[in-house]
Amino acid sequence: DTLALGDLTLHLTDSRLTGPASTCSLSKKENELFQTFLRNPGQTLTREQLLNKVWGIDAEIENGNLDNYVHFLRRRLSAVGSSVTLRTVRGVGYCICK
């Protein structure tokens with residue numbers, strides 16, 4: 001199974017991200033976050049939606065952790081040479097765009 005957007009492909013079974021320049025392996029949380037974004041392309045996802053989907057409703061997690069993971073995802077996008085971007089929607093959340 002794969003999810004794709006533009007020049008980016010996420011391989012679900014083995015947590016690999018492929019772009020035009022290369023392929024990289026993802027951590028479990030990176031994979032889950034990319035899945036959430038790629039299943040909702042162009043849609044702004046709130047911080048709460050992302051935290052609930054990836055970490056669970058009852059998880060005791062600080063908001064800074066989500067920011068760190070978004071930073072990691074942006075580095076992954078750059079590493080594979082993708083033109084896909086993760087946009088910050090100030091005061092709301094994040095959006096993946098091609």
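Let me start with E32 and K29, which form a salt bridge in this predicted model, with their closest N and O atoms 3.9 Å apart. That distance still counts, because the rule asks for a side-chain nitrogen of Lys or Arg within 4 Å of a carboxyl oxygen of Asp or Glu. If you look for the two residues in the structure, you will find both in helix α1, which covers residues 28–38, and they sit three residues apart, about one turn of the helix. Are E32 and K29 buried or exposed? Neither word quite fits, as E32 is partly exposed at 22% relative accessibility, and K29 is also partly exposed, at 22%.

Now please move along the chain to R47 and D67, whose side chains meet in a salt bridge with an N to O distance of 2.8 Å. This pair links distant parts of the chain, since R47 belongs to helix α2, residues 47–55, while D67 belongs to helix α3, residues 63–79, and the two are 20 residues apart. R47 has a relative accessible area of 23% and is partly exposed, and D67, at 33%, is partly exposed as well.

Going back to E32 and K29 for a moment, there is also a network here, in which salt bridges with shared partners join K28, K29 and E32.

Another pair to find is R16 and D14, where the side chains meet in a salt bridge at 2.7 Å, N to O. R16 is partly exposed at 29% relative accessibility, and D14 is partly exposed with a relative accessible area of 38%.

How many salt bridges does the rule give? The count comes to five.

Technical notes:
Residues numbered from 1 in each chain as written. Predicted model: local features only at pLDDT ≥ 70, side-chain atom pairs only at ≥ 80, totals over all residues. Heavy atoms only, no water. Buried < 20%, exposed > 50% of the residue type's maximum accessible area, 1.4 Å probe, protein only. Helix = DSSP H or I, 4+ residues; strand = E, 2+ residues; numbered from the N terminus.
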